[in-house]
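Some comments on this model follow, as numbered points. Please read them alongside the coordinates.

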Amino acid sequence: MTTTISYADATDLNTEDYIVLGLATCFYKEDGEVHQIEVIEPIPSAALEAICKQIPTSYRLIYATTLGSVLEGDKLLLPAGFPESAQFGDEFPLRLLSAARTYKRREVAQTLIPLGTTKTDLNYSTERKRVLNAARVVTKDDNVKQHSHTHKVL
């Protein structure tokens, strides 16, 4: 039996819809120090296809499940096999519903990881660190220097 999700913007989804979640290693900068944290994120179908082609990823593991096992009304449920210390990513419910729609549109992606399966043979790498609260400060030094004749009519 399928149950409709109680989200006004998600009348096209139900609790049995397929979704893939990832446990990402991210970093958080605070007081000049960088701290490592684990974040649970929904993975859209296009990203899953890239991850399965062994591109470097910050995901330690990915898990195929259903919407109902993660989202119960407005309550988020910790997926099986994920550590208690893991945090849900920013805007998780919205991103979860959006990612679920990508699997409805591209059903062939559901065959990459069978429902209820955890995949750990990923090309895990933290060489390019994902800093969550990185602020880009633009300075005058960032401006592109143009040649003195660029705007002259010769």
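**Notes on the model**

1. Glu91 is exposed, at 57% relative accessibility (exposed means over 50% relative accessible area, buried under 20%, partly exposed in between; 1.4 Å probe, protein chains only). This is a predicted model, in which local features need pLDDT of at least 70 and side-chain atom pairs count only at pLDDT 80 or more, while totals for chains, interfaces and linings use all residues. Residues are numbered from 1 along each chain as its sequence is written, and side-chain values use heavy atoms, leaving out hydrogens and water.

2. Glu91 sits in the loop between strand S6 (87-88) and H2 (strands, E, at least two residues, and helices, H or I, at least four, are DSSP runs numbered from the N terminus). Its phi is near 50°, a positive value in a residue other than glycine. Most residues other than glycine have a negative phi.

3. Gln54, in the loop between H1 and S3, also has a positive phi, near 70°. Gln54 is partly exposed, with a relative accessible area of 38%.

4. Thr57 is found in the loop between H1 and S3 and counts as buried at 7% relative accessibility. A polar atom of its side chain lies 3.2 Å from the backbone nitrogen of Tyr59. Beyond four places in sequence, Thr57 is in contact (heavy atoms within 4.5 Å) with Ile51, Leu122, Asn123, Tyr124 and Ser125.

5. Leaving aside residues up to four places away in sequence, Val20 touches Glu41, Pro42, Ile43, Leu48, Ile62, Tyr63, Ala64, Tyr103 and Ile113.

How values were computed
Polar contact = N/O pair within 3.5 Å; in protein donor to acceptor, adjacent residues only side chain to side chain.
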